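Got your viewer open? Let's take a walk through this one, picking selections as we go.

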Amino acid sequence: MLKIDRQNLIEHELKLKGSITISECVELLNVSEETVRRDFREMEESGRLTRIYGGAYIQEVDDKNVPFPLREVLFLKEKEKIAKYAVTHFIKENDSIIVDSSSTCFQLAKMILTSGINVTIVTNSLKIMELFEKQQPNTRLIGIGGKYRSKSYSFVGDIAARQLESFLVDKCFISTSALDLKHGLIDSSLQECQIHKMMIEQSKYRYILADHTKFSARADYIVSPFNNVNYVITDSKNDPSWDNIFEELNIDFIY
């Protein structure tokens, strides 16, 4: 297959799905990973896609979030490690919790389901709602509705925010796009930013689940300063600056 045909087919798949992994391209095009990476580089230079570790996606002007299907497979072991620690150490019988629509919280929800812990879960994540469709008797699921955001399989907007205002829960578990030493929690989507703000406000204890890539990432919208956070759980140690700032704010930093 000629290069122009490969790249046109990649672009066609991106327009259909919003994102694609390198392994999917290898199978689709019957070429090597290096050929796919080379095509991705050329297509990014011409503005046809945005590359990310393991894949590529079409970036919107006002929403730079990576689509969920890509995030779901990236750094999966790290996210599972974070989720397992959170469930094992911080989710107790009869807790009421808010869980966001991030791929890390999706892993958290899977582990809650298999653990059989008696909890109430409030979420705006369609993926988590589907996961609990055949509910375990120990889990009470409350789904938040609103404007559907297909990129993250989530419900956002003013309707979703107003529904969240009706709940006061013990704990929230969220994973924003990035963490910033100066500004705190930051997001790549203004819509998700609004929801994260409300989740934090309606929770007694706030847990941030962040794999190591979040500490060097960038985003456009401020969710909350760190003084509204109680715990940050990650998969590996980062720059010592993070230890210092979390210690100053009395935030438990777990890695």
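How much space lies in the largest pocket? About 700 Å³. Keep in mind throughout that you are looking at a predicted model.

**Stop 1: the largest pocket**

Select I52, V66, R71, S177 and K214: of the 32 residues in the lining of the largest pocket, these are the closest to its centre. Now colour helices α6 (103–115) and α9 (190–201), the elements that give two or more residues to that lining. If you colour the lining of the largest pocket by residue type, you should get eight nonpolar, 13 polar and 11 charged residues. Both domains take part, with at least three lining residues drawn from each of domain 1 (3–61) and domain 2 (72–253).

**Stop 2: the two domains**

Give each domain its own colour. The domain assignment puts residues 3–61 in domain 1 and residues 72–253 in domain 2. Their C-alpha centres are 30 Å apart. In the contact between them, six residues come from domain 1 and four residues from domain 2.

**Stop 3: the second largest pocket**

Next, pick K17, G18, E60, S150 and K151. They lie nearest the centre of the second largest pocket, which has 14 lining residues and a space of about 260 Å³. Its lining splits into five nonpolar, four polar and five charged residues. Where does the second largest pocket lie with respect to domain 1 and domain 2? Between them, because both domains give residues to its lining.

**Stop 4: C25, inside domain 1**

Go to helix α2 (residues 22–29) and select C25. Is C25 buried or exposed? It is buried, because its relative accessibility is 0%, and the cut-off for that label is under 20%. Show the side chains around it: setting aside neighbours within four places in sequence, C25 is in contact with I10, I20, N30, V36 and F40. For a sense of scale, draw a distance from C25 to E60, one of the residues nearest the centre of the second largest pocket. The C-alpha atoms of C25 and E60 are 22 Å apart, with their positions 35 residues apart along the chain.

**Stop 5: Q59**

Select Q59, in the loop between β3 (55–57) and α4 (68–73). Its relative accessibility is 36%, so Q59 counts as partly exposed. Now draw a line from Q59 to E165: their C-alpha atoms are separated by 31 Å, and the two residues are 106 apart along the chain.

**Stop 6: aromatic pairs**

Show the rings of Phe, Tyr and Trp. How many aromatic pairs does the structure hold? There are 16.

Start with F68 and Y153. Their rings are edge-to-face, 5.6 Å centre to centre with 65° between the planes. F68 sits in helix α4 and Y153 in the loop between β7 and β8, so this pair ties together parts that are 85 residues apart in sequence. F68 counts as buried because its relative accessibility is 1%.

Now move to Y207 and Y231. Why does this pair count as stacked? The ring planes are at 5°, with centres 4.5 Å apart, and the label needs planes under 30 degrees apart. The pair links distant parts of the chain, with Y207 in strand β12 (residues 203–209) and Y231 in strand β14 (residues 231–233), 24 residues apart. Y207 and Y231 are both buried.

Last in this group, select F215, F226, W242, F246, F253 and Y255, which ring pairs link into a cluster.

**Stop 7: two backbone oddities**

Most residues other than glycine have a negative phi. With that in mind, go back to Y153 and look at its backbone: phi is positive, at about 55°. Y153 is in the loop between β7 (147–149) and β8 (154–156). With a relative accessible area of 25%, Y153 is partly exposed.

Finish at N94, in the loop between α5 (76–90) and β4 (96–99). Phi is positive here too, near 70°. Is N94 buried or exposed? Exposed, because its relative accessible area is 56%, and the cut-off for that label is over 50%.

Key
Residues are numbered from 1 along each chain as its sequence is written. This is a predicted model: local features need pLDDT of at least 70, side-chain atom pairs count only at pLDDT 80 or more; totals for chains, interfaces and linings use all residues. Side-chain values use heavy atoms; hydrogens and water are left out. Helices (H or I, at least four residues) and strands (E, at least two) are DSSP runs, numbered from the N terminus. Buried means under 20% relative accessible area, exposed over 50%, partly exposed in between (1.4 Å probe, protein chains only). On a 1 Å grid over the protein atoms alone, a cavity is a set of points where a 1.4 Å probe fits but cannot get out, and a pocket is an open set with protein on both sides within 12 Å along at least five of seven lines; lining residues have an atom within 4 Å of a point. Grid points are joined across faces, edges and corners, and a volume is the space filled by probe spheres set on the points. Ala, Val, Leu, Ile, Met, Phe, Trp, Tyr, Cys and Pro count as nonpolar, Asp, Glu, Lys and Arg as charged, and the others, Gly among them, as polar. Domain bounds come from an automatic or database domain assignment. Rings of Phe, Tyr and Trp (its six-membered ring) pair if their centres lie within 6.5 Å; planes under 30 degrees apart count as stacked, over 60 as edge-to-face and the rest as tilted. Contact means heavy atoms within 4.5 Å.
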